[in-house]
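Student: I would like to take a close look at a single part of this model, and then see how that part sits within the rest of the chain. Could you take me through it with some care?

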Amino acid sequence: MSFPLLTTTAVVPALGAIATAAVPAARRTAAKWLAFLFSLATLGLAAAVLIRFDPDGARYQLTESHAWIADFGVRYELGADGIGAVMIALTALLIPFIIGAGWNDADPAPGEEEETENKRWRPTQGFFALILAVEAMVIISFAATDVFVFYIFFEAMLIPMYFLIGGFGDRAHAAGEAEGAKQRSYAAVKFLLYNLVGGLIMLAAVIGLFAVTSDQLGEGTFSLQEIARARASGELDIATSTERLLFLGFFFAFAVKAPLWPLHTWLPNAMGESTAPVAVLITAVVDKVGTFAMLRFCLGLFPGASDWATPVVIALALVSIVYGALLAVGQRDIKRLIAYASISHFGFIVLGVFAMTSQGQGGATLYMVFHGISTAALMLVAGFLISRRGSRLIADYGGVQKVAPVLAGTFLVGGLATLSLPGLAPFISEFLVLVGTYSRYPAAGIVATAGIVLAALYVLLLYQRTMTGPVKDEQVRRLPDLRVRELAVVAPLIALLVFLGVFPKPLTEMVDPAVEHTLSDVQKKDPKPQHPTAEQGWFDYKPAAPAEHGGGEHE
Amino acid sequence: MESLIGLLVGAPLLGAAVLLCGGRRLDRAGHWLASVLAGASFVLGAVLFFDMLGKDGEHRALHSHLYSWVPVEGFQADVAFQLDQLSMTFVLLITGVGTLIHIYSIGYMEHDERRRRFFGFLNLFLAAMLLLVLADNFLLLYVGWEGVGLASYLLIGFWQHKPSAAAAAKKAFLVNRVGDAGLAIAIFLMFTTFGTFAFAPVLSSATDASEGKLTAIGLMLLLAACGKSAQVPLQSWLGDAMEGPTPVSALIHAATMVTAGVYLITRSGAIFNAAPDAQTAVVVVGAVTLIFGAIVGCAKDDIKKALAGSTMSQIGYMILAAGLGPIGYAFAIMHLVTHGFFKAGLFLGAGSVMHGMNDEVDMRKYGGLRKYMPVTFVTFGLGYLAIIGFPGLSGFFSKDQIIEAAFAKGGTQGWILGTVALIGAAITAYYMTRVMVLTFFGEKRWEPDENGNEPHPHESPSVMTIPMIVLAFGSVFAGGLFKAGDSFVHWLEPVTQHSHGDSPVSAATVTTGTVVALLLGVGAAWLQYGRRPVPRTAPRGSLLTRAARRDLLQDDVNHAAFVTGGSYLTRSLVYVDHKLVDGLVNGTAATFGGLSGRLRRLQNGFARSYAVSMFGGAAVLIAATLLMRAV
């Protein structure tokens with residue numbers, strides 16, 4: 001039996017969580033370093049997954065399969081396709097940055113120090129242990145090819161997330177300490193309840209799926225590959241109405257998580273109240289499980305129903321894009337602004353998934369990765385800024401670039417990535433989603449294109465109001481520029497955005513075959529161009545001599 | 001030779017990267033590094049140019065495929081360059097004028113503490129602009145297209161501490177983004193129509209597609225061109241862009257970037273040639289803008305804004321010519337190049353004047369400066385003669401050709417366009433004479449500012465005047481050189497095609513007409529500003545003057561249409577999201593699971609136990625269901 005690489009990739013951060021939690025209260029710094037090292041080890045393992053993965057090989061690789069709950073056909077089945085592999089890599093990549101950025105976020109406030117020394121409650125250790133716990137669960141979710149295994153971890157990650165949102169917030173809250181704790185608690189419970197309701201509905205669908213498979217196959221199964229095989233051979237033939245109901249059950253949970261309009265309202269609360277690194281964890285990592293699961297489970301298990309639901313889903317995605325962007329324009333709170341921008345971006349991802357074209361789905365997958373990196377860059381710098389001034393309100397800033405030019409510069413790059421400037425990675429994914437959508441649904445493509453204008457508006461407004469102009473007041477004048485640790489967190493993210501914007505090929509090569517598999521699941525083919533220009537392959541293509549350019553003659 | 005094309009873009013890109021990431025250590029040498037790299041790019045361009053001249057016209061294009069950029073099933077985007085005569089013309093203009101302006105900026109920005117960053121941005125602009133004109137496909141062109149938009153944003157807002165500069169930068173980027181969206185949609189259309197967006201296959205098989213498709217593509221490309229080239233209706237950003245340092249106005253907002261729209265339309269000629277309706281839209285935009293910009297230029301007292309109106313108007317000429325099809329492409333580009341020389345020279349001259357006048361921009365506070373700044377006066381004066389089309393100078397040849405081509409369009413359209421172009425020539429002569437007279441002639445009108453500092457106008461250092469002198473040479477001789485033996489037309493013909501068209505009026509008549517228009521314009525301005533003293537504060541003026549001072553109400557229209565409505569919309573949406581969507585979802589859930597009740601009760605401190613019990617409930621539910629299945 002081969003080495004269980006995927007399981008190990010998830011077990012290492014889980015062990016790290018336990019180890020970090022066990023560090024004595026007084027050894028806070030040791031706990032931080034321990035967590036950081038575990039996250040690096042996980043990153044190394046994720047890199048191994050990427051290297052071991054052969055894009056031209058079987059659809060699912062590095063597979064593991066063990067009987068688990070035999071009576072219900074539940075198997076512990078893991079496997080990575082190109083999409084899952086890059087999502088695991090994204091998760092493992094971002095966690096060290098999240099830990100590095102949140103280095104001091106869970107320290108006891110000065111004065112509290114003494115009290116906490118002797119108590120059993122160790123917030124610092126808890127903070128980093130919870131982050132690693134989330135990482136472990138997210139990785140399993142990306143790797144699971146058994147619906148039940150996926151479901152368990154999809155739900156279980158709510159618990160550490162709940163404590164991360166509710167237990168740790170920004171030091172200074174505009175509304176005062178007590179009110180701040182109240183709002184945090186509200187945000188955490190709202191997050192939990194929304195996702196639990198989604199999860200419960202999904203649970204009904206999971207059970208329904210089991211009922212259908214056990215009826216038709218004689219033995220119930222949750223295995224994606226088994227179900228796909230049975231469907232292909234005709235053994236499994238889900239009735240149309242059942243399939244649609246099951247699809248809706250799954251989709252609802254994922255749409256809450258993604259989040260899709262109108263189920264999005266928990267996100268601004270959660271991202272606004274939590275610390276910036278946790279906000280990144282929510283939007284860049286945890287929420288991606290939702291859009292990823294749409295690709296893998298909704299489309300993979302219920303192709304017919306996915307096709308049936310497409311018009312509605314596309315409409316919701318378009319609403320998310322435009323609505324999220326407009327609301328971002330109207331925000332007065334930096335973090336909530338970024339949260340609404342994310343809602344707009346999730347609209348793009350869902351749009352790409354349901355456009356059912358190679359470019360759309362390939363773009364959506366890249367979008368998940370690139371949005372993760374770009375939002376991390378923007379949000380973490382925003383967090384550094386907020387921690388300096390102790391305010392999330394845009395109106396409390398102004399002229400920051402004068403006193404902290406490096407901070408302002410990195411903030412601008414993060415913002416430019418968010419508005420998908422060409423040359424930075426998100427441009428590629430956004431363009432692919434748009435072109436992929438346009439080729440099947442031209443009207444939707446054009447509406448979504450409005451999103452790129454609105455994105456420029458909210459990003460540049462934010463930059464203008466916070467960074468430019470005369471220095472706002474004495475408090476802003478005293479803001480220090482980025483520290484070494486902070487720069488070490490942001491610089492690699494920016495370098496990655498530039499590198500992947502210029503040379504995304506390593507990722508597209510991973511993702512492309514997986515997208516083709518997904519498209520064949522739903523039996524969709526890309527729309528053909530009306531007047532294809534060249535019969536020969538692109539790489540053999542030699543540009544015509546200039547004389548033929550304007551002539552209008554067709555050879 | 002092909003491998004040099006990449007270096008052409010690479011040199012300034014390297015400079016930008018080094019200067020922007022390098023930190024303070026480079027403060028003392030950064031501007032030299034940037035200028036040397038810009039110069040290196042120019043030398044590379046010249047080497048490629050002479051190599052190109054050695055080949056015959058049909059075989060001059062070079063192609064260089066660097067790597068496959070975004071390979072996705074059914075979608076191929078490459079980083080690949082194409083250097084043909086059209087691109088070559090731009091390369092020489094961009095790197096040549098660019099290098100001169102780098103040198104000029106060494107003097108102009110000498111006392112700015114952020115000079116290193118300024119030069120980093122300038123290099124970034126050069127790299128993006130070169131990418132724009134060297135790309136061999138529309139997607140890579142798009143990268144350069146937005147890249148120059150970014151550089152423009154950074155440079156307009158270079159003095160970010162001024163709220164007006166920050167606002168102008170944002171406005172420029174946003175208005176341009178509207179145009180960019182047009183370019184994006186044009187690329188989508190090409191992709192669905194042809195399956196590719198590389199120049200060669202799209203342009204060579206353009207006629208396969210239906211006229212409707214081509215018209216749609218053409219109109220979207222026009223939208224893009226309107227944004228970048230500040231053409232009506234996306235013109236409103238250019239005047240505000242004058243907030244940037246003057247060398248930026250000269251390089252980006254006069255000589256190069258704003259002409260990218262003309263490049264785009266000329267490059268996509270094969271599409272426009274087969275879409276007459278789109279061509280009509282192009283000429284209408286060009287004609288409207290050339291009058292619009294000229295009128296605005298007449299009313300501005302800010303020397304840079306007057307020149308900005310003029311730029312808008314001159315690009316209107318180019319767009320008009322490009323919309324004429326093969327009879328106009330070559331002339332559009334020819335005027336673009338001569339305009340690059342004289343307008344850059346005029347802006348540098350304006351910068352030199354401001355430099356000597358404590359950054360005063362109001363021409364009513366100038367007067368009689370010819371005595372104090374002789375070099376600036378002569379170079380500016382030559383630029384002035386060139387732009388108004390004084391016989392023998394650059395602008396005369398290039399503008400005359402466009403007016404002639406406009407008549408040659410034929411039919412009523414030809415008459416209308418030709419007449420508009422002639423009227424434009426008269427207005428050009430008027431507003432440029434006004435600028436010239438207000439600045440350099442008459443009595444001195446400056447006075448001490450509120451701190452009691454009176455300006456002491458003086459000539460600028462030679463690091464600034466030498467670039468102005470070089471550009472003045474271009475303003476005088478380039479046109480004649482291009483016209484001699486129709487060399488410019490022959491040079492571009494293999495790429496753009498050329499036909500003479502059928503003009504209802506003879507060339508001599510057109511030339512006479514332009515000269516008469518020129519004299520009328522100059523005379524009118526002389527009567528108004530030369531013969532009597534100029535008041536220091538602007539008189540109230542007619543309704544048209546007042547409207548023109550407000551840029552013909554462009555901002556008022558935009559404000560009413562987008563800003564007011566938009567901010568109302570976003571504010572009400574914020575309310576709706578908070579009260580309605582959130583409330584509705586919570587409410588719906590409440591009917592099923594008592595969600596809102598739980599939300600309300602979380603205030604009492606049992607939130608945590610609630611959450612845990614909820615999750616516990618879910619776990620029990622799973623177990624129970626599974627058990628039931630098992631039984």
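Student: Where in chain B is the place of B:P233?

Tutor: In this predicted model, B:P233 is placed in a loop of chain B, with helix α8 (211–228) on one side and helix α9 (237–240) on the other. The feature to look at there is the peptide bond that runs from B:V232 to B:P233, which is cis, with omega near 10 degrees.

Chain A offers a parallel case, since a cis peptide bond joins A:W261 and A:P262, with omega about 5 degrees. A:P262, too, is found in a loop, namely the one between α10 (240–257) and α11 (266–273) of chain A. Another backbone detail of chain A concerns A:Q523, a residue other than glycine whose phi is nevertheless positive, near 55 degrees; A:Q523 belongs to the segment that follows α22 (505–521) of chain A.

Returning to chain B, the wider setting of the loop can be taken from the records. An unreviewed UniProt entry annotates residues 135–421 of chain B as "domain: NADH:quinone oxidoreductase/Mrp antiporter transmembrane", and in the model this span is 75% helix and 0% strand, with its end C-alpha atoms 32 Å apart. For residues 69–119 of chain B, UniProt, again in an unreviewed entry, gives the feature "domain: NADH-Ubiquinone oxidoreductase (complex I) chain 5 N-terminal"; here the chain is 57% helix and 25% strand, and 29 Å lie between the end C-alpha atoms.

A separate domain assignment divides part of chain B into domain 1 (286–539) and domain 2 (559–605), and the centres of these two domains, taken over C-alpha atoms, are 56 Å apart. Elsewhere in chain B, the residues B:I466, B:I469, B:V470, B:F473 and B:F477 make a nonpolar surface patch of about 480 Å², and B:F477 in particular is part of helix α19 (residues 462–483).

As to how far such details may be trusted, the pLDDT of chain B averages 89, and 93% of its residues score at least 70. Residues 602–607 of chain B, however, have a pLDDT below 50, although this stretch has eight contacts in the model beyond near neighbours in sequence. Where pLDDT is low, the predicted coordinates should not be read in detail. For the complex, the predictor gives an ipTM of 0.91 and a pTM of 0.92.

Conventions
Residues are numbered from 1 along each chain as its sequence is written. Chains are lettered from A and ligands numbered from 1 in the order in which they are written. This is a predicted model: local features need pLDDT of at least 70, side-chain atom pairs count only at pLDDT 80 or more; totals for chains, interfaces and linings use all residues. Side-chain values use heavy atoms; hydrogens and water are left out. Domain bounds come from an automatic or database domain assignment. Patches are made of residues with over 30% relative accessible area and no salt bridge: like charges are joined within 9 Å, nonpolar side chains (Val, Leu, Ile, Met, Phe, Trp, Tyr) within 5 Å. Accessible areas come from the Shrake-Rupley method with a 1.4 Å probe; for residues, only the protein chains shown count as cover. A salt bridge is a side-chain nitrogen of Lys or Arg within 4 Å of a carboxyl oxygen of Asp or Glu. Helices (H or I, at least four residues) and strands (E, at least two) are DSSP runs, numbered from the N terminus. UniProt positions are given in the numbering used here, feature names are shortened, and annotations may be inferred rather than shown by experiment. pLDDT is the predictor's confidence in each residue, from 0 to 100. Contact means heavy atoms within 4.5 Å.
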